[in-house]
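This report describes the fold of one protein and the pairing of its strands. The sequence and the structure are shown first.

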Amino acid sequence: MKQGSALVLGGIVLFAAIVVASRPLGVVGIGLIVAALISRAWVGIVRGPMDVVATVEPEPATEGEEVRLRFEARRSSSIPVGGVVLSGTLGRVGRYECRLRGRGRSAAGHVSLGRLPRGRFVSSDGELELSDPLGLESVSRPLETTVAVVVHPRLVELQTLFSDAGRFGSEGRRQLLRRPAGFDFHSVRE
């Protein structure tokens, strides 16, 4: 139920209380109207700045490993917040949503991205949503923190520098590399 709905419902309940002359029903109607007005005032107060720090675990990430994003948010305001939800899109991975938990001015949470292939994944259209303790009103603002997840390729330990396949093919002589034969890779660059 949103703030506008609470006002309408409070008005209907208050009207019904007057019609049937019920004090308990009138208290409920007035309570709904007051709650809607308080949540409206909360929206104006909570719009202070909020710092969000994102870290990638493990750092550096290697392909095939479970990758997680950890978010820490700190507000300058001490007004209570019912919930903090951070969402956005991370490159080819897709949409993510992270519910932050905490008390007072700081909150933290993490989201698991699964086993990612190698590559660079950059977040876009990040959004931070704060909701009031009653759940009647929420405030959304764009997230200014950009997250970049870099997943390195898995490196394999080579036993020897050159393969012995060319040594025995031509009566024991080493063969020169030919174009149709291809080349062996001896390392992975940074």
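Which residue in β6 is the bridge partner of V67? The partner is G114. The sections below place this pair in its setting; the model is a predicted one.

## Overall composition

The protein contains two helices and nine strands. Read from the N terminus, the order of elements is α-α-β-β-β-β-β-β-β-β-β.

Of the 190 residues in the protein, 28% are buried. The accessible surface amounts to about 13000 Å², and carbon and sulfur atoms account for 56% of that area. When contacts between residues at least 6 apart in sequence are considered, 64% link residues at least 24 apart.

## Strand β3 and its two faces

Strand β3 spans residues 66–75, and its side chains alternate between two faces. On one face lie V67, L69, F71, A73 and R75, which are buried. The other face carries E66, R68, R70, E72 and R74, which are not buried.

## Pairing of β3 with β1 and β6

Strand β1, residues 50–57, runs antiparallel to β3, and eight bridges join the two. One of the bridge pairs is formed by D51 and R74 of β3; R74 belongs to the face of β3 whose side chains are not buried.

Strand β6, residues 106–115, is also antiparallel to β3, with nine bridges between them. Here V67 has G114 of β6 as its bridge partner, and the side chain of V67 points to the buried face of β3.

Note on methods
Residues are numbered from 1 along each chain as its sequence is written. This is a predicted model: local features need pLDDT of at least 70, side-chain atom pairs count only at pLDDT 80 or more; totals for chains, interfaces and linings use all residues. Side-chain values use heavy atoms; hydrogens and water are left out. Helices (H or I, at least four residues) and strands (E, at least two) are DSSP runs, numbered from the N terminus. Buried means under 20% relative accessible area, exposed over 50%, partly exposed in between (1.4 Å probe, protein chains only). Contact means heavy atoms within 4.5 Å. Accessible areas come from the Shrake-Rupley method with a 1.4 Å probe; for residues, only the protein chains shown count as cover. Two strands pair if DSSP finds at least two bridges between them.
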